[in-house]
Amino acid sequence: MSDQPRRGGARRPHKPYRRPRRDPARIAAFEALRAVDERDAYANLVLPPLLRKAREDNEGFDDRDAAFATELVYGTLRRQGTYDAVIAACVDRPLREVDPPVLDVLSLGAHQLLGTRIPGHAAVSATVELARCVLGDGRARFVNAVLRRIAAYDLDEWLERIAPPYDKDPEEHLALVHSHPRWVVSALWDALGGGRAGIEELLEADNSRPEVTLVARPGRSTPEELLTERDAEPGRWSPFAVRLSEGGDPGNVPAVAEGRAGVQDEGSQLVALALANAPLTGPDARWLDGCAGPGGKAALLAALAAERGAALIASERQPHRAGLVERALAGAPGRHQVITADGTRPAWRPATFDRVLVDVPCTGLGALRRRPEARWRRRPEDLEGFAPLQRALLVQALRAVRPGGVVGYATCSPHLAETRAVVRDVLREEPAEWIDARPLLPGVPDLGEGPDVQLWPHLHGTDAMYLALLRRPLDT
């Protein structure tokens, strides 16, 4: 075969092969996205060990690199729905026919182009280098071509192209502009009670990076101790809360490392405090946390109970989560016990406790800031699976409390099917008085008409925790 060029002239020499440059931060981000996709892992669990490994394997990998990798992962997951629609407009096949690892690289590139201040040429170049490292040169050429199409427009221009006008299809418009599944937009809108401004503020809050919030566990730590940390600020609503305003690593806080303080959203703290302070008639000596895993609320309740000489039973059905509760309660003051038991099949006699909390399993739609992948993982039919369990746990909680005692029903979801609908259904079966929870959250604004409380990220800076307080009548 002739070695002469086909069209005459001098033959151009082949470029020597160049190894792709490895970027540890981008590779860690890619591996985290693969774990989320392949194993249904949670980013907040898989990313820290990947970052530790990157530090061990790469001299010079520092906090800035770790922060960049974290932003790539969480930013890509939060905006996944929007980026998928943009990528779909730039490829010649359905997204389901694009290999998932290729789609992850494209999504990382789309986030750098549309969601960060990285210059477009740098974002394309770095992402193509990542593709060469993890996908090979052939698929890297495909990535390069798609990213150059994405780079032709900024985010606002893309949204004009992919999202229908608000007045024609408001839910689909909001779903694409704010990157939430349409059914989640609809459910959150129903829970808010209508109005465009509120739902847009909520969806934007879901896409923001949450602050790290600490809890000073009474009798073991104080907010004043935690406020000595760099960039620490007082909590907004809970007297035990301290915020790390720059999102610092809580593992570096001595009180957290020693278990005297913990990481706990203010919404969760307020739920525990409201139950502990709810008025009741009669003794106040026996408390129950009926769904205690992973142990944050149980640790706070145990400390509050100890201040009054009360004892806490912390019950958790799953053995590994019961182990987490044991760890959270280790060293806590007062009398407390962790048991592995199913709250729908009580291991205790009826009318045993003065206060009972059931923070029931749910869809987790109230914590989308912290677990952005959950919005893409959940389906409307998941509600049907949770509903019987939520009702059964509340029924048994009401039977576990003595006449005059109080039950707190809590869930980290604002979906009406998991909140008021559950309480109303159970109250048709079980005698209980629905008491006003709002006075038990002093200073917290925008709590609605009551008697229950729904917290919101855009109004309160907390997860969207729900709380209903029920008192068992004395004559039952």
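## Questions about a predicted model

A search of this whole predicted structure turns up 0 disulfides.

User: Good to know! Which cysteine holds the sulfur closest to that of Cys291, and how far away is it?

Analyst: Happy to look at that one. Cys291 is buried, at 13% relative accessibility. A disulfide needs two cysteine sulfur atoms within 2.5 Å. The closest cysteine sulfur is too far away for a bond: it belongs to Cys362, at 11 Å.

User: And Cys133, is that residue buried, partly exposed or exposed?

Analyst: The buried class ends at 20% relative accessible area and the exposed class begins over 50%. Cys133 has a relative accessibility of 23%, so this residue counts as partly exposed.

User: Let's turn to the sheet. In what order do the 4 strands of the open sheet run?

Analyst: The pairing in this sheet is antiparallel. Its edges are strand E2 (232-234) and strand E4 (261-263), each of which pairs on one side only. From one strand to the next, the twist averages 30°. Read across the open sheet, the order is E2-E3-E1-E4.

User: Which residue in E3 stands opposite Thr213?

Analyst: Strand E1 covers residues 212-216 and strand E3 covers residues 241-244. These two strands are joined in the antiparallel sense over 4 bridges. Opposite Thr213, in E3, stands Arg243.

User: Which helix packs on the sheet, touching E1 and E3?

Analyst: The helix in question spans residues 266-277. Its direction makes about 30° with that of E1. The helix that touches both E1 and E3 is H14.

User: Now for charged pairs. How many residues apart are Arg355 and Asp284?

Analyst: Out of 38 salt bridges found in the whole structure, this one joins the side chains of Arg355 and Asp284 at 3.0 Å, N to O. Arg355 is buried, with a relative accessible area of 4%, while Asp284 is partly exposed at 21%. Arg355 belongs to strand E8 (residues 353-359) and Asp284 to the loop between H14 and strand E5 (286-289). The pair thus links distant parts of the chain, and the separation is 71 residues.

User: Which helices are tied together by the salt bridge of Asp425 and Arg391?

Analyst: The side chains of Asp425 and Arg391 meet at 2.7 Å, N to O. Asp425 is partly exposed at 26% relative accessibility, and Arg391 is partly exposed at 22%. The two residues sit in different helices, 34 residues apart in sequence, so their salt bridge ties together H19 (residues 420-427) and H18 (residues 382-400).

User: Is Arg428, which also forms a salt bridge with Asp425, buried or exposed?

Analyst: The closest N and O atoms of Asp425 and Arg428 are 2.5 Å apart. Arg428 has a relative accessible area of 65%, so this residue is exposed.

User: Finally, the interior. Which helix gives the largest share of the largest nonpolar core?

Analyst: In soluble globular proteins, nonpolar side chains tend to be buried together. Here the largest nonpolar core has 55 residues, and those with the most contacts inside it are Val73, Val143 and Ile150. The largest share of this core is 9 residues, and they come from helix H1 (residues 24-39).

User: How many residues does the second, separate core have?

Analyst: Among the members of this second core are Leu270, Leu304, Leu329 and Ala410. The core is separate, and its size is 46 residues.

Technical notes:
Residues numbered from 1 in each chain as written. Predicted model: local features only at pLDDT ≥ 70, side-chain atom pairs only at ≥ 80, totals over all residues. Heavy atoms only, no water. Pairing = 2+ DSSP bridges. Axes fitted to C-alpha atoms, helices over the stretch in contact; angles between N-to-C directions. Contact = heavy atoms within 4.5 Å. Salt bridge = Lys/Arg side-chain N within 4 Å of Asp/Glu carboxyl O. Buried < 20%, exposed > 50% of the residue type's maximum accessible area, 1.4 Å probe, protein only. Core = buried A, V, L, I, M, F, W, Y, C linked by side-chain atoms within 4.5 Å.
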